[in-house]
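Q: Could you give me a close look at one part of this structure, the charged side chains and where they sit? Take your time and keep it chatty.

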Amino acid sequence: GDESLSRVTLDDARNFIGMLIKKRVKYEHHPGRAPEAEGLAPTTIHGYARSIRSFGTFLFEEGYTKENIFEGLRPPKVPKKIIEPLTEEEIRRILAIIPPETAEGLRNYAFFLLLLDTGIRLSEMLNLKVSDIDFAEGVFKVMGKGSKEREIPLGVTAQHALMRYIEMGRPYPLNPNDDTLFLTMDGNPITQSSVACVLKRIADRLHIKHLYPHLLRHTFAVRYLVNGGDAFSLQKILG
């Protein structure tokens with residue numbers, strides 16, 4: 001009841017988080033998993049701390065406690081993972097393995113180059129329309145976060161790949177009014193999971209550890225700066 005809540009302190013929460021940090025065994029009392037001597041991931045502990053703080057806010061706002069007892073609980077820092085960009089050799093191997101003579105290969109080659117050449121987000125690529133691309137000017141429009149439209153330059157290689165896909169590989173849309181650029185072989189807009197599957201298949205065949213859309217965005221950014229681009233214009237391109 002309320003009395004037992006009044007005895008809970010911020011130190012109790014800190015001690016609990018400290019215990020989680022020291023905990024070396026995962027799934028200790030789990031009914032379906034064997035215990036693992038590894039310890040909890042920092043992100044898991046961070047999640048526990050955030051939940052406790054939210055619970056404290058709830059108790060205070062609902063009048064169960066006189067003050068927000070867990071407000072001072074600071075979640076432990078989560079170490080940032082360093083994303084290694086794709087190397088030139090890995091990019092060459094990926095492009096060499098995509099079959100250029102099939103409709104699916106033309107599509108995969110085009111979307112891989114587009115992500116790598118422009119750094120657009122996967123969500124932006126999935127929403128691209130054929131009419132968004134201006135081949136004469138070598139630019140295309142994307143609708144980014146917060147409904148902000150921006151124009152992005154398109155390299156010659158990516159332009160050629162897109163032209164070949166549109167002319168020779170893009171199937172008729174299942175819905176005749178659908179102008180979505182990238183379609184499945186049966187004419188529906190491709191999804192996030194289908195792009196992830198294509199990239200995973202390539203990664204498995206080439207024994208590349210990770211291959212996912214955000215890695216291509218990151219690789220674009222690194223290559224842009226290495227090749228003399230400035231951070232301000234990079235920010236504008238990435239939106």
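**Charged side chains, up close**

A: Start with Arg14 and Asp11, whose side chains meet in a salt bridge at 3.8 Å, N to O. Keep in mind that this is a predicted model. The two residues both belong to helix 2 (residues 10–22), and because they are 3 residues apart there, about one helical turn separates them. How covered up are they? Arg14 is partly exposed, with a relative accessible area of 42%, and Asp11 also lands in the partly exposed class, at 46%.

That pair is one of 6 salt bridges that turn up when the whole structure is searched.

Now hop over to helix 5, where Glu104 and Arg107 are again 3 residues apart, so about one helical turn lies between them. Their side chains form a salt bridge too, 3.8 Å from N to O. The cover on the two ends is another matter: Glu104 has 33% relative accessibility and so is partly exposed, while Arg107, at 6%, counts as buried because that is under the 20% cut-off. The story doesn't stop at a pair, either: through salt bridges with shared partners, Glu104, Arg107 and Arg201 are linked into one network.

What surrounds Arg107 makes more sense once you look at the whole helix. Helix 5 covers residues 103–118, and its end C-alpha atoms are 22 Å apart, in agreement with the 22 Å that its 16 residues should span at 1.5 Å a residue. Of those 16 residues, 12 are buried, so the helix is largely enclosed by the rest of the structure. Arg107 is on that buried list, along with plenty of company, including Leu106, Asn108, Phe111, Phe112 and Thr118. Just past the end of helix 5 comes Gly119, which takes a positive phi of about 70°.

Further along the chain, Arg121 and Glu124 make another salt bridge, this one at 2.5 Å from N to O. Here both residues are buried.

And what about acidic residues out on the surface? Asp134, Glu137, Glu149 and Glu151 form a negative surface patch. Salt-bridged residues are left out of such patches, and members need over 30% relative accessible area. Take Glu137 as an example: this residue sits in the loop that runs between strand 1 (133–134) and strand 2 (139–143). Its relative accessibility is 60%, so Glu137 counts as exposed, the cut-off for that being over 50%.

Key
Residues numbered from 1 in each chain as written. Predicted model: local features only at pLDDT ≥ 70, side-chain atom pairs only at ≥ 80, totals over all residues. Heavy atoms only, no water. Patch = residues over 30% accessible without salt bridge, like charges linked within 9 Å, V, L, I, M, F, W, Y side chains within 5 Å. Areas by Shrake-Rupley, 256 points an atom, 1.4 Å probe, with all protein chains shown as cover. Salt bridge = Lys/Arg side-chain N within 4 Å of Asp/Glu carboxyl O. Lys, Arg positive; Asp, Glu negative; His and termini not counted. Charge placed at Lys NZ, Arg CZ, Asp CG, Glu CD. Helix = DSSP H or I, 4+ residues; strand = E, 2+ residues; numbered from the N terminus. Buried < 20%, exposed > 50% of the residue type's maximum accessible area, 1.4 Å probe, protein only. Expected span 1.5 Å × (residues − 1).
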